[in-house]
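Me: Please choose a single part of this model and take me through its surroundings slowly, explaining each term when it comes up. I am in my first year, so I would rather have one connected account than a list.

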Amino acid sequence: MKKIRQPAVAGLFYPSDADQLRAMVQGFLQDADTSEPLPKAIIAPHAGYVYSGPVAASAYALLRPGRDTFRRVILIGPSHRVGFHGIAVSRADIYATPLGNVPIDYGAIEKILDLPFIKSFDEAHLLEHSLEVHLPFLQTVLDRFELVPLVVGSVAASEVGTVLERLWSDAETLTVISSDLSHYHDYATAKRMDQATSLAIERLRPEDIGHDSACGSMAINGLLHFARQTGLKARTLDLRNSGDTAGSKDRVVGYGSYAFH
């Protein structure tokens, strides 16, 4: 019997009803600009859809021309509930959402299991939302794909870069980095901090992005480290915060979407 990682935040971060969820995601995508070329990697936020969904859609809308191209998605996000060293892979066979099941690509996972910082650690995946909230977007814009879900604990940017180097093999592979930006500052402070983070991403400067800049800073910095080595270029697609989307401006969370070509 296959082991299924069940949704942890359906009905909380996004609708648990499949029809409502599909309509919400499609609505976000319809409002997004699609003038960019097909990216090889994206960074997108992972908050509740009413807050970050429009910003995430700015990246995911670019993937629609790759519906029949991308067959593997490397999805990397931070751990919010469990503290640990390394990067956690799951022993599940399937990640489930209200839109259906996404199979895990164990062939790809086997390529990184020998790395000393990779660990099989289901507890890091069980309740983690940073990966889960991306799946309905991926299920909407892509056809059939397999998933490489990675939850990041405490690691160096170079270690995340090593994982990407191992898995970045062909045109069928997409990388998605999951991260929100600054947390719980006033609107003006958040805008200033998030603009600085976006500039660091565009300039491929992981040394300028710390834990206060983005909750997924270690995953972002791993992609930036890899991008510097391989000549990828980054562009900011959308930069807003919860004060722009669905919240007050007193204490906001920043959201950004970025494309790498």
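**A leucine and its surroundings**

Reply: L164 is buried, because its relative accessible area is 0%, where buried stands for under 20%, exposed for over 50% and partly exposed for what lies in between, using a 1.4 Å probe and protein chains only. The model is a predicted one, in which local features need pLDDT of at least 70 and side-chain atom pairs count only at pLDDT 80 or more, while totals for chains, interfaces and linings use all residues. Residues are numbered from 1 along each chain as its sequence is written, and side-chain values use heavy atoms, with hydrogens and water left out.

L164 belongs to helix α7; helices here are DSSP runs of H or I with at least four residues, strands are runs of E with at least two, and both are numbered from the N terminus. If residues up to four places away in sequence are not counted, L164 touches I76, T175, G222, L223 and F226, a contact being a case of heavy atoms within 4.5 Å. One of these partners, L223, is 59 residues from L164 in sequence, although the C-alpha atoms of the two are 7.5 Å apart in space.

Let us begin with the helix side of this neighbourhood. Two packed helices are described by the angle between their axes and by the distance between the axes. Here helix α7 (residues 157–167) packs with helix α9 (residues 217–230) at an angle of about 60 degrees, and their axes are 7 Å apart; the axes are lines fitted to C-alpha atoms, for helices over the stretch in contact, and the angles, taken between N-to-C directions, run from 0 to 180 degrees. The crossing of α7 and α9 is right-handed, a name used if the near helix is turned clockwise from the far one, whereas a left-handed crossing has it turned anticlockwise by less than a right angle. From α7, residues A157, S158, V160, G161, L164 and E165 take part, and they meet M218, A219, N221, G222, L223, H225 and F226 of α9. Sorted by class, this contact of α7 with α9 holds seven nonpolar, five polar and one charged residues, where Ala, Val, Leu, Ile, Met, Phe, Trp, Tyr, Cys and Pro count as nonpolar, Asp, Glu, Lys and Arg as charged, and the others, with Gly among them, as polar.

F226, which L164 touches, also takes us to the aromatic rings. Rings of Phe, Tyr and Trp (its six-membered ring) pair if their centres lie within 6.5 Å, with planes under 30 degrees apart called stacked, over 60 edge-to-face and the rest tilted; by this rule the model has seven aromatic pairs. The ring centres of W168 and F226 are 4.7 Å apart and the planes stand at 50 degrees, so this pair is tilted. The pair links distant parts of the chain, since W168 sits in the loop between α7 and β9 and F226 in helix α9, 58 residues apart. W168 counts as buried because its relative accessibility is 18%, and F226 counts as buried because its value is 4%.

The other two contacts of L164, I76 and T175, lead to the strands. Strand β3 (residues 72–78) has seven of its seven residues buried, so it is largely enclosed by the rest of the structure. From β3, R72, I74, I76 and P78 point one way and V73, L75 and G77 the other way. Strands of a sheet pair through backbone hydrogen bonds, either parallel or antiparallel, and a pair is accepted here if DSSP finds at least two bridges between the strands. Seven bridges connect β3 with strand β8 (residues 146–152) in the parallel sense, and I76 stands opposite L150 in β8. Strand β9 (residues 173–178) also runs parallel to β3, joined by five bridges, and in β9 it is T175 that stands opposite I74.

From β9 we can take one further step. Four bridges join β9 to β2, again in parallel, with I177 of β9 as the bridge partner of I43. In strand β2 (residues 41–44), A41 and I43 point one way and I42 and A44 the other, and all are buried. Strand β2 is also joined by three bridges to strand β12 (residues 252–260), which runs antiparallel to it, and there A41 has F260 as its bridge partner.
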